[in-house]
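Reader: I am in my first year and still learning to read a structure like this. Please take me through one part closely, the inside, and explain each term as you use it.

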Amino acid sequence: MKTIEVCLTPDLIHQHDLSGKIVVVVDIFRATSCIVTGLANGLEAIRPVAEIAECKALGKSGYLMAGERGGQKVEGFDMGNSPFEYLEEGVKGKKVAISTTNGSQAILKSEGADAIIIGSFLNLEALTAYLLQLPLGVVVHCAGWKGTPNLEDTLFAGALIDECAEEMEPLGDSALLAHQLFVANHENLLGLALQSSHAERLKSFGIEEDLEFCLEESKYQVVPKLIDGELVA
């Protein structure tokens with residue numbers, strides 16, 4: 001049986017052998033939810049970069065600049081880190097360069113996998129179907145918060161394990177922990193996730209609507225994939 005592992009934070013990704021695996025990067029609040037939303041809404045591609053300066057350089061060559069630090073939009077950028085910005089008509093057909101505190105870093109640290117794809121509650125159904133049709137094991141790479149685990153990404157990892165349970169075996173205690181967390185709280189995911197420390201930080205910016213949107217399940221049918229440094233639908 002194929003296996004599914006969970007890396008709770010990018011600081012632990014070196015403990016996982018990514019060769020021959022699919023890495024699913026997840027940053028529920030809010031980077032991977034933005035990526036899924038944008039590509040579902042007609043963005044051509046999204047390029048994750050580590051530094052603000054890289055975003056600015058790409059901005060000079062026609063990319064929209066998107067990103068945040070500490071949850072707040074970077075000054076001078078076209079977009080912050082709200083999924084609603086990715087629903088605007090003006091983004092369709094464009095390319096975006098994105099740099100966020102946690103999510104883009106996790107994508108870049110997943111190098112070495114056979115494939116890197118993007119997960120969120122928003123594309124859970126499509127993501128599950130995609131993973132089940134392939135013969136490879138999976139590592140769910142949670143972006144966490146500045147090197148520490150967070151509740152909402154761990155809940156998503158547990159939800160994905162639950163969806164794949166008939167064909168994938170959880171491997172390691174992190175996977176078992178994530179799955180049990182989801183099973184115990186699946187009837188109140190929103191209530192629990194909104195208690196997370198990350199949600200509390202973000203709520204101070206008045207973006208509760210963003211957080212609720214990010215927990216909507218299977219709203220979109222896209223599975224973003226990293227190809228030649230860019231995420232495409």
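Author: What follows starts from one helix and moves on to the cavity, the cores and the charged pairs.

This is a predicted model, in which local features need pLDDT of at least 70 and side-chain atom pairs count only at pLDDT 80 or more, while totals for chains, interfaces and linings use all residues. Residues are numbered from 1 along each chain as its sequence is written, and side-chain values use heavy atoms, with hydrogens and water left out.

Begin with α1, residues 31-40. Helices (H or I, at least four residues) and strands (E, at least two) are DSSP runs, numbered from the N terminus. Nine of the ten residues of α1 are buried, so the rest of the structure largely encloses this helix. "Buried" means under 20% relative accessible area, "exposed" means over 50%, and "partly exposed" is what lies in between, with a 1.4 Å probe and protein chains only. The buried residues of α1 are Ala31, Thr32, Ser33, Cys34, Ile35, Val36, Thr37, Gly38 and Leu39. Their cover includes the strands β2, β3, β7 (115-119) and β11, along with the helices α3 (103-108) and α9; contact here means heavy atoms within 4.5 Å. Just after α1, Gly42 has a positive phi of about 100 degrees.

Now look at the loop between β2 (21-26) and α1, where Arg30 sits. Arg30 is buried because its relative accessibility is 4%. The side chain of Arg30 forms a salt bridge with that of Asp210, at 2.8 Å from N to O. This pair joins distant parts of the chain: Asp210 belongs to helix α9 (residues 208-214), and the two residues are 180 residues apart. A salt bridge is a side-chain nitrogen of Lys or Arg within 4 Å of a carboxyl oxygen of Asp or Glu. Asp210 is also buried, because its relative accessibility is 5%.

Arg30 is also one of the residues that line the largest cavity. A cavity is found on a 1 Å grid over the protein atoms alone, as a set of points where a 1.4 Å probe fits but cannot get out; lining residues have an atom within 4 Å of a point. The structure holds one cavity of 30 Å³ or more. The largest cavity has about 60 Å³ of space, a volume being the space filled by probe spheres set on the points, which are joined across faces, edges and corners. Besides Arg30, the lining includes Asp27, Phe29, Glu68, Trp145 and His198. Sorted by class, the lining has three nonpolar, five polar and three charged residues. In this sorting Ala, Val, Leu, Ile, Met, Phe, Trp, Tyr, Cys and Pro are nonpolar, Asp, Glu, Lys and Arg are charged, and the others, Gly among them, are polar.

Phe29, in the cavity lining, leads on to the largest nonpolar core. That core has 40 residues, and Phe29 is among those with the most contacts inside it, together with Val6, Leu131, Val140 and Leu160. Helix α5 (residues 151-163) gives the largest share of this core, six residues. A second, separate core has 30 residues, including Cys34 and Leu39 as well as Leu18 and Met79. A nonpolar core is a set of buried Ala, Val, Leu, Ile, Met, Phe, Trp, Tyr and Cys residues joined through side-chain atoms within 4.5 Å. Two of the names in the second core, Cys34 and Leu39, were met above as buried residues of α1. Back in the largest core, Val140 touches Ile4, Glu5, Val6, Cys7, Val24, Val26, Ala157 and Leu160, not counting residues up to four places away in sequence.

The charged pairs remain. The structure holds six salt bridges. Besides the pair described with α1, one of them joins Glu230 and Arg47, with the closest N and O atoms 3.4 Å apart. Glu230 is in strand β11 (residues 230-232) and Arg47 in strand β3 (residues 45-48), so this pair also links distant parts of the chain, 183 residues apart. Glu230 is buried at 9% relative accessible area, whereas Arg47 is partly exposed at 25%. Another salt bridge is between Lys92 and Glu89, at 3.5 Å from N to O. Lys92 is partly exposed, with 39% relative accessibility, and Glu89 is exposed, with a relative accessible area of 58%. Finally, Arg47, Lys95 and Glu230 form one network through salt bridges that share partners.

Terms used:
On a 1 Å grid over the protein atoms alone, a cavity is a set of points where a 1.4 Å probe fits but cannot get out, and a pocket is an open set with protein on both sides within 12 Å along at least five of seven lines; lining residues have an atom within 4 Å of a point.
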